[in-house]
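The following paragraphs walk through one protein model, starting with a single helix and its neighbours and then turning to charged pairs and a few separate residues.

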Amino acid sequence: MITGATDLEFIGWQVAGVALHVLLPRPARPVVAVALTAAFLAVASWTSLVVLLAFTGAMLAAVRLQGRQRDIALLSVVAGIAVALVGFKALAPAPGHVAMDSVLLPLGLSYYSFRCIHVLVEVYLGEIEPPRPADLVRYLFFLPTFVAGPIHRYQPFIAETGERPDLATFARAGERILHGYAQIVILGNWLVSTRLFPALKAGLAVDTAAFQYLECLQRGLNLYFQFAGYSSIAVGLALLHGHQVMENFNRPLLATNIAEFWRRWHMSLSSWCRDYVFTGAYSLTRRIWIGTLSTMLVIGVWHGLTENFAIWGLYHGLGVVIYHQTAHWAWLRPRGGSWLEIPRRVLAWFMTFNYFMLGMVWAKEPSIAHSLDVVLILLKGVGIGA
């Protein structure tokens with residue numbers, strides 16, 4: 001059973017992929033890379049292999065058609081992939097309780113579903129030519145980004161030839177991979193989860209605001225270190241395969257407003273939703289706030305098809321809407337050079353950081369009732385709750 005990026009079996013598959021890419025001649029690399037990814041899925045999540053093969057076959061059949069027939073087929077496959085994604089998420093256990101090889105939630109489903117939809121929509125809009133079968137398979141069966149992203153785009157990936165890495169690339173990739181494992185193992189697993197926050201929470205009652213606030217901080221920081229760490233590993237592994245995939249995180253916890261935060265957090269997902277959700281919703285309604293809430297709702301339920309994750313997405317969407325509605329207020333933006341600028345930025349960072357962390361109330365609890373209980377505890381702690 002593969003349980004995460006630190007699992008020895010996962011590491012073994014990735015090492016094998018890099019070794020084959022380095023040792024094999026160029027013509028053999030794409031074929032062997034696809035075969036290795038398929039073998040990995042056959043062992044780790046046979047359900048995922050079946051689903052991805054079905055998606056790939058449907059896409060290749062759709063893009064071969066012409067004219068209106070192709071447009072209808074492309075949109076039909078998009079709808080089918082979306083239904084399959086929602087269906088699997090609805091049947092799966094709650095997020096955080098699903099093994100990576102779960103039959104109920106195929107490995108990597110959320111990521112390759114969005115890659116498939118990206119290609120289909122771009123072909124439908126005429127932004128890219130219908131992909132060749134070899135190119136599409138190479139794009140979808142790319143092991144370094146398969147498990148947890150990033151959701152890299154088709155055009156830049158295919159434009160790269162997958163050259164054998166030189167020594168400078170090896171050094172850069174190794175640095176990214178070591179940095180990723182340091183985030184996961186040292187900062188996430190050891191410091192945040194094992195040492196720091198257990199010590200801070202020791203002696204505190206569960207029904208106190210201090211305990212619940214520290215719990216939110218622990219969950220939020222661990223989520224960041226785990227996810228950003230894996231993304232860094234994926235970027236490094238992709239470099240060793242001759243590909244520069246997009247970055248997923250750009251120091252989001254230093255953002256000074258929630259809109260900036262979401263431009264720097266899980267950037268491959270947020271940019272995907274901006275292009276394919278926000279643009280569509282805004283085009284239909286001409287209301288920015290509807291586009292924003294729709295986008296964040298999709299981001300929420302993408303993480304988990306539960307009421308709590310829907311509220312979590314809307315919570316962040318509301319924060320972005322409020323920020324855009326108030327960003328032009330002059331009193332919030334002192335003139336350049338003012339002595340108020342530094343404390344204003346510190347306060348803005350503090351509010352943004354805590355807005356995200358307190359939002360973990362919705363992401364970490366199993367139900368709305370449990371989340372509301374925590375909200376009441378936090379409100380009582382600042383003297384607002386009854």
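Which residues of helix 3 are buried? The model is a predicted one, and in it the buried residues of helix 3 are T47, S48, L49, V51, L52, F55, T56, M59, L60, A62 and V63. An α-helix has 3.6 residues a turn, so residues three or four places apart point the same way. The buried residues of helix 3 pack against helix 2, helix 4 (67-91), helix 5 (109-125) and helix 6 (133-140). As for its length, helix 3 has 18 residues, and the distance from its first C-alpha to its last is 26 Å, close to the 26 Å expected at 1.5 Å a residue.

The packing of helix 3 with helix 2 can be described in detail. Helix 2 covers residues 29-44 and helix 3 covers residues 46-63; their axes are 5 Å apart and meet at an angle of about 130 degrees. Because angles from 115 to 145 degrees fall outside the perpendicular and antiparallel ranges, helix 2 counts as oblique to helix 3. On the side of helix 2, the contact is made by A38, L41, A42 and A44, and on the side of helix 3 by W46, S48, L49 and L52. Sorted by class, this contact has seven nonpolar residues, one polar residue and no charged residues. Three of the helix 3 contact residues, S48, L49 and L52, are also among its buried residues.

Charged pairs come next. A search of the whole structure finds 10 salt bridges. One of them joins the side chains of E163 and R26, with an N to O distance of 2.6 Å. E163 lies in the loop between helix 7 (154-159) and helix 8 (167-201), while R26 lies in the loop between helix 1 (8-23) and helix 2, so the pair ties together parts that are 137 residues apart in sequence. E163 counts as partly exposed because its relative accessibility is 36%, and R26 counts as partly exposed at 46%.

Another salt bridge is formed by E247 and R176, whose closest N and O atoms are 2.7 Å apart. E247 is in the loop between helix 9 (209-240) and helix 10 (258-264) and R176 is in helix 8, so this pair ties together parts that are 71 residues apart in sequence. With a relative accessible area of 30%, E247 is partly exposed; R176, at 22% relative accessibility, also counts as partly exposed.

R274 and D275 form a salt bridge too, with 3.2 Å between the closest N and O atoms. R274 is partly exposed at 47% relative accessibility, and D275 is partly exposed with a relative accessible area of 28%. Elsewhere, R132, D135 and R138 are joined into one network by salt bridges that share partners.

Two further residues remain. S271 is found in helix 11 (residues 267-285). Is S271 buried or exposed? S271 counts as buried, because its relative accessibility is 10% and the cut-off for buried is under 20%. Leaving aside residues up to four places away in sequence, S271 touches R153 and M246. D373 is found in helix 16 (residues 368-381) and counts as partly exposed at 46% relative accessibility. The C-alpha atoms of D373 and P30 are separated by 52 Å, and the two residues are 343 residues apart along the chain.

Methods:
Residues numbered from 1 in each chain as written. Predicted model: local features only at pLDDT ≥ 70, side-chain atom pairs only at ≥ 80, totals over all residues. Heavy atoms only, no water. Axes fitted to C-alpha atoms, helices over the stretch in contact; angles between N-to-C directions. Helix = DSSP H or I, 4+ residues; strand = E, 2+ residues; numbered from the N terminus. Parallel < 35°, antiparallel > 145°, perpendicular 65-115°, else oblique. Contact = heavy atoms within 4.5 Å. Nonpolar A, V, L, I, M, F, W, Y, C, P; charged D, E, K, R; others polar. Buried < 20%, exposed > 50% of the residue type's maximum accessible area, 1.4 Å probe, protein only. Salt bridge = Lys/Arg side-chain N within 4 Å of Asp/Glu carboxyl O. Expected span 1.5 Å × (residues − 1).
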